[in-house]
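Visitor: I am new to this structure and would like a close look at a single part of it, with enough of the surroundings to place that part. Could you take me through it slowly?

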Amino acid sequence: MERKTKIQHSYGQASKVYDAQMTWARLYCKIVWGFQDTAYAPELLRWLPDSFGGKMLDVPVGTGVLTEKKYAHMKNAQIVCLDYSNEMMEIARSRFRSAGIENVSFQQGDVGYLPFRNESFDIILSMNGFHAFPAKEAAFYETRRVLKKGGSFIGCFYISGETKRTDFFVRHLYVPKGWFTPPFLTKTELSEKLRSLYGGYELYNIGSIAYFKCIRQQ
């Protein structure tokens, strides 16, 4: 399958189920992920100061279901929302508009070929994206490339080897449906990857969801 086709399949399929999964978060997370709700989200979003006044890239923005309340408090930030799925972005755009969030812009694009200059952003936020990205190495390279020195890369995604139940669902449902795209990192492999790219980082996990904050050193 060609790269463009893989991306369209992955994001197109995900857009059909993502918002529903997050809406049914408590039951969904308990059955598939083994924890009661999306507890990792507030833990991760606390790394975004309400007073932040710089430029931030949210990739992939998805439907905005996890970031809406946070962005409502970040009134001084310049937030660029990028996603390959126009369907997801339309949901996010409508959601943010209804919440009165005006300091956001939207752009369709591929995380493997980000349409921005080197060191364009003070913060890169990537929630629940890397497990869907077909070209993960390119995604790691590109998110670092557009991040300023001293800037923060904050994200979360599925890691394998932590919860057998979740690994089963991913292997037998998420991958065949095209919602997730292998290969998947273990926590140890993710730790090594973040260390090699950023040096300093914090890394935690709740079940099979890893969440982290990295600072670009050079």
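Visitor: Among contacts in the protein between residues at least 6 apart in sequence, what percentage join residues at least 24 apart? After that, please take me closely around helix α6 and the aromatic rings beside it.

Guide: The model shown here is a predicted one, and your opening question has a figure for its answer: of the contacts between residues at least 6 apart in sequence, 73% join residues at least 24 apart. The protein has eight helices and seven strands, and 52% of its 218 residues count as buried. Its accessible surface comes to about 10300 Å², with 51% of that belonging to carbon and sulfur atoms.

Let us turn to the part you asked about. The buried residues of α6 are K136, A139, F140, E142, T143 and R145, and what covers them includes the strands β4, β5 and β7 together with helix α8. A general point about helices helps in reading such a list: an α-helix has 3.6 residues a turn, so residues three or four places apart point the same way.

Of the elements that cover α6, helix α8, which spans residues 187-198, can be followed in some detail, since the axes of α6 and α8 come within 11 Å and cross at roughly 35 degrees. The crossing of these two helices is right-handed, and the contact is made by E137, F140, T143 and R144 on the side of α6, and by L190, K193, L194, L197 and Y198 on the side of α8. F140 and T143 appear both in this contact and in the list of buried residues of α6. One of the residues that α8 brings to the contact, K193, also lies over the face of F140, at 5.5 Å from the ring centre.

F140 leads on to the rings, since it belongs to one aromatic cluster together with F130, F133, F153, F157, Y198 and F212. Y198 of this cluster is also one of the α8 residues in the contact with α6. The whole structure holds 22 aromatic pairs. A pair of aromatic rings is described by the distance of the centres and the angle of the planes. For F130 and F153, the ring centres are 6.2 Å apart and the planes stand at 55 degrees, so this pair counts as tilted, the term that applies when the angle is neither under 30 degrees nor over 60. Because F130 lies in the loop between β4 and α6 while F153 lies in strand β5, the pair ties together parts that are 23 residues apart in sequence. F130 is buried, with a relative accessible area of 2%, and F153 is buried as well, at 0%.

The loop that holds F130 also holds N128, whose place is likewise between β4 and α6. Phi of N128 is near 60 degrees, a positive value in a residue other than glycine, and at 11% relative accessibility N128 counts as buried. In the loop between β3 and β4, E119 has a positive phi too, near 55 degrees, but E119 is partly exposed, with a relative accessible area of 31%. Most residues other than glycine have a negative phi, and most peptide bonds are trans.

That last remark bears on two bonds elsewhere in the chain. The peptide bond from P182 to P183 is cis, with omega near 5 degrees, and P183 is found in the loop between α7 and α8. A cis bond also joins V59 and P60, with omega about -5 degrees, and P60 has its place in the loop between β1 and α4.

Strand β1, residues 55-58, offers a last point of comparison, for L57 is found there and counts as buried at 0% relative accessibility. The C-alpha atoms of L57 and D122 are 8.3 Å apart in space, although the two residues are 65 apart in sequence. Leaving aside its neighbours within four places in sequence, L57 is in contact with residues including V80, F121, I123, L125 and V146. M89, in helix α5, can be read in a similar way: at 3% relative accessibility it counts as buried, and its C-alpha atom is separated by 7.0 Å from that of V61, 28 residues away along the chain. Among the contacts of M89 beyond its sequence neighbours within four places is F106, and R93 lies over the face of F106, at 4.6 Å from the ring centre.

Technical notes: Residues numbered from 1 in each chain as written. Predicted model: local features only at pLDDT ≥ 70, side-chain atom pairs only at ≥ 80, totals over all residues. Heavy atoms only, no water. Helix = DSSP H or I, 4+ residues; strand = E, 2+ residues; numbered from the N terminus. Buried < 20%, exposed > 50% of the residue type's maximum accessible area, 1.4 Å probe, protein only. Contact = heavy atoms within 4.5 Å. Areas by Shrake-Rupley, 256 points an atom, 1.4 Å probe, with all protein chains shown as cover. Phe/Tyr/Trp six-rings, centres within 6.5 Å; stacked < 30°, edge-to-face > 60°. Lys NZ or Arg CZ within 6 Å of the ring centre and 35° of its normal. Axes fitted to C-alpha atoms, helices over the stretch in contact; angles between N-to-C directions. Left-handed = near helix turned anticlockwise from the far one by under 90°.
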